[in-house]
Amino acid sequence: RMKDPDLNMLALGMDLTTLGLNLNSPENLYSTFASPWSDTPARKDPEFYLPQCYYMNPPHELKTARFQKFSPDTLFYMFFNMPRDTLQAYAAAELYNRGYKYHRDLKAWFMLQEEKGETRWTVFDPETWEKQYFDQQV
């Protein structure tokens with residue numbers, strides 16, 4: 001053993017039971033042990049004050065009737081640019097109400113349009129942001 005207590009502490013460390021830790025406890029130590037320099041146990045909630053300006057009122061209820069007023073381009077924007085959002089689901093429902101059908105494999109919106117007595121499928125292309133005729137088999 002070394003005779004210098006500081007070198008001994010540096011090389012071997014210290015007995016953690018002298019810090020008041022029960023190493024045989026089945027519970028986690030981090031819930032009771034704050035720091036080797038603290039005499040009080042760890043607090044469950046941190047001490048801080050949240051300014052009142054950070055508290056928000058809940059957002060207004062989303063009215064689905066407003067989606068009927070949006071243009072198809074706006075609905076397509078909401079569908080393609082807001083993934084996994086409530087707006088995406090509402091935009092999809094409104095596009096479906098307007099006669100659009102979504103193809104899961106092609107990941108595109110289709111609509112059956114009639115021009116000059118002929119019915120053709122049109123597809124909305126999000127890359128060019130325009131509707132195009134779709135002549136392939138769906």
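Start at the turn between β2 and β3: these strands form a hairpin with 2 residues between them. Select Lys 116 in that turn; its phi is positive, about 55°. Strands here are DSSP runs of E, at least two residues, and helices are runs of H or I, at least four, numbered from the N terminus.

This is a predicted model, in which local features need pLDDT of at least 70 and side-chain atom pairs count only at pLDDT 80 or more, while totals for chains, interfaces and linings use all residues. Residues are numbered from 1 along each chain as its sequence is written, and side-chain values use heavy atoms, with hydrogens and water left out.

Now colour β2 and β3 (residues 118–125). They pair in the antiparallel sense over 7 bridges; pairing requires at least two bridges found by DSSP.

Next, add β1 (residues 100–103). It pairs with β2 (residues 108–115), again antiparallel, over 4 bridges. This hairpin has 4 residues between its strands. Lys 107 in the turn has a positive phi of about 50°.

Select Trp 109 in β2. Tyr 102 stands opposite. In β3, its bridge partner is Phe 124.

Trp 109 and Phe 124 also lead into the largest nonpolar core, 12 residues in all. Such a core is a set of buried (under 20% relative accessible area, 1.4 Å probe, protein chains only) Ala, Val, Leu, Ile, Met, Phe, Trp, Tyr and Cys residues joined through side-chain atoms within 4.5 Å. Show α2 (72–81), α3 (86–97) and β2: each supplies at least two core residues. α2 gives the most, with 4.

Finish on Met 78, a core member. Beyond four places in sequence, Met 78 touches (heavy atoms within 4.5 Å) Phe 67, Phe 70, Leu 87, Gln 88 and Ala 91.

Note on methods. Buried < 20%, exposed > 50% of the residue type's maximum accessible area, 1.4 Å probe, protein only.
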